[in-house]
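Hi,

Here is the structure I promised to pass on. Have a look at it first, and my notes follow underneath.

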Amino acid sequence: MAAVFLLLNDNPPAMLAAMTTLRLPIATQQAVMRCLRHYLALANAYLKVDYPEPKVSYQQRGTTAGTAHLSVWEIRLNSVLLIENGQQFIDEVVPHELAHLLVYKQFGRVAPHGQQWQWMMESVLGVSASRTHAFDVMSVQGKTFAYRCDCQTHALTVRRHNKIARKESEYRCRKCRQLLKPDIN
Ligand SMILES: [Zn+2]
Ligand SMILES: [Zn+2]
């Protein structure tokens, strides 16, 4: 029993991800599909094509909001971040990933966020072409270690923390350029 308890405590994000995948509300899935169909209809009309609806799955893991799988015409969404961020997530991530699929059909393999993708986002889908999503990823980040610089506290992943401990890497704050040191309190 002790071993099970330790394992659960050691890995809460994976547990959370597994549970929320099962409990993704139907209304949320419907909102995703509504958004997807809206933008797909815009693109089909603009491009005078009849691209089919991509498959949507909710298996995306880690801190990534979503990914587009070009050759299988599929969008994978992070169910944990989707549940936490709701409609804002849908409005940002669905057109972003759909644009990757559409660019692939229209132009083949090109730079992921290059001019074709930006054109697809802004001219065809009518949304702003920001490359990244700003969701709070704390709940899917896994265990972190606190480090400090001169200006803030940083949450480092286990992987980075281990690299520092083994003296394989050091990290600097992007803002103040100070070397990060373990936050001892
Ligand atoms: Zn992208
Ligand atoms: Zn700093």
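Let me start with a pair of helices: α3 passes α4 in a right-handed crossing. Please keep in mind that this is a predicted model. Two packed helices are described by the angle between their axes and the distance between the axes. Here, the axes of α3 (residues 26-47) and α4 (residues 79-107) come within 9 Å and cross at roughly 30°. Angles under 35 degrees count as roughly parallel, and α3 and α4 are therefore roughly parallel to each other.

Which residues make the contact? On the α3 side they are T28, A31, V32, C35, L36, Y39, L40, A43 and L47. From α4 come L82, I83, Q87, I90, D91, V94, P95, L98, L102 and Q106. Sorted by character, the residues of this contact of α3 with α4 are 15 nonpolar, three polar and one charged.

Helix α4 also brings us to a sheet, as it lies across β2 and β3 and runs at about 30° to β2. That sheet is open and has three strands in the order β1-β3-β2, with mixed pairing. At its edges are β1 (55-57) and β2 (66-69), each of which pairs on one side only. On average, neighbouring strands of this sheet are turned by 15° against each other, direction ignored. Four bridges link β2 with β3 (residues 74-77) in the antiparallel sense. If you want a place to click, G66 has L77 in β3 as its bridge partner.

Now for the other sheet. How are its strands ordered? The order is β5-β4-β6, in an open sheet of three strands with antiparallel pairing. The edges are taken by β5 (153-157) and β6 (181-182); each has a single partner strand, so one side of each is left without a neighbour in the sheet.

Strand β4 (residues 144-148) and β5 run antiparallel and are joined by five bridges. Among the facing residues, A146 has A155 in β5 as its bridge partner, while T144 stands opposite T157 in β5. The connection from β4 to β5 is a hairpin through four residues.

This sheet has a helix across it too: α6 (residues 158-165) lies across β4 and β5. What is its angle to β5? Helix α6 runs at about 95° to β5, whereas α4 runs at about 30° to β2.

Happy to talk any of this through.

Best wishes

How values were computed: Residues are numbered from 1 along each chain as its sequence is written. Chains are lettered from A and ligands numbered from 1 in the order in which they are written. This is a predicted model: local features need pLDDT of at least 70, side-chain atom pairs count only at pLDDT 80 or more; totals for chains, interfaces and linings use all residues. Axes are lines fitted to C-alpha atoms, for helices over the stretch in contact, and angles run from 0 to 180 degrees between N-to-C directions. Helices (H or I, at least four residues) and strands (E, at least two) are DSSP runs, numbered from the N terminus. Angles under 35 degrees count as roughly parallel, over 145 as roughly antiparallel, 65 to 115 as roughly perpendicular and the rest as oblique. A crossing is left-handed if the near helix is turned anticlockwise from the far one by less than a right angle, and right-handed if clockwise. Two residues are in contact if their C-beta atoms, placed from the backbone, lie within 7 Å. Ala, Val, Leu, Ile, Met, Phe, Trp, Tyr, Cys and Pro count as nonpolar, Asp, Glu, Lys and Arg as charged, and the others, Gly among them, as polar. Two strands pair if DSSP finds at least two bridges between them.
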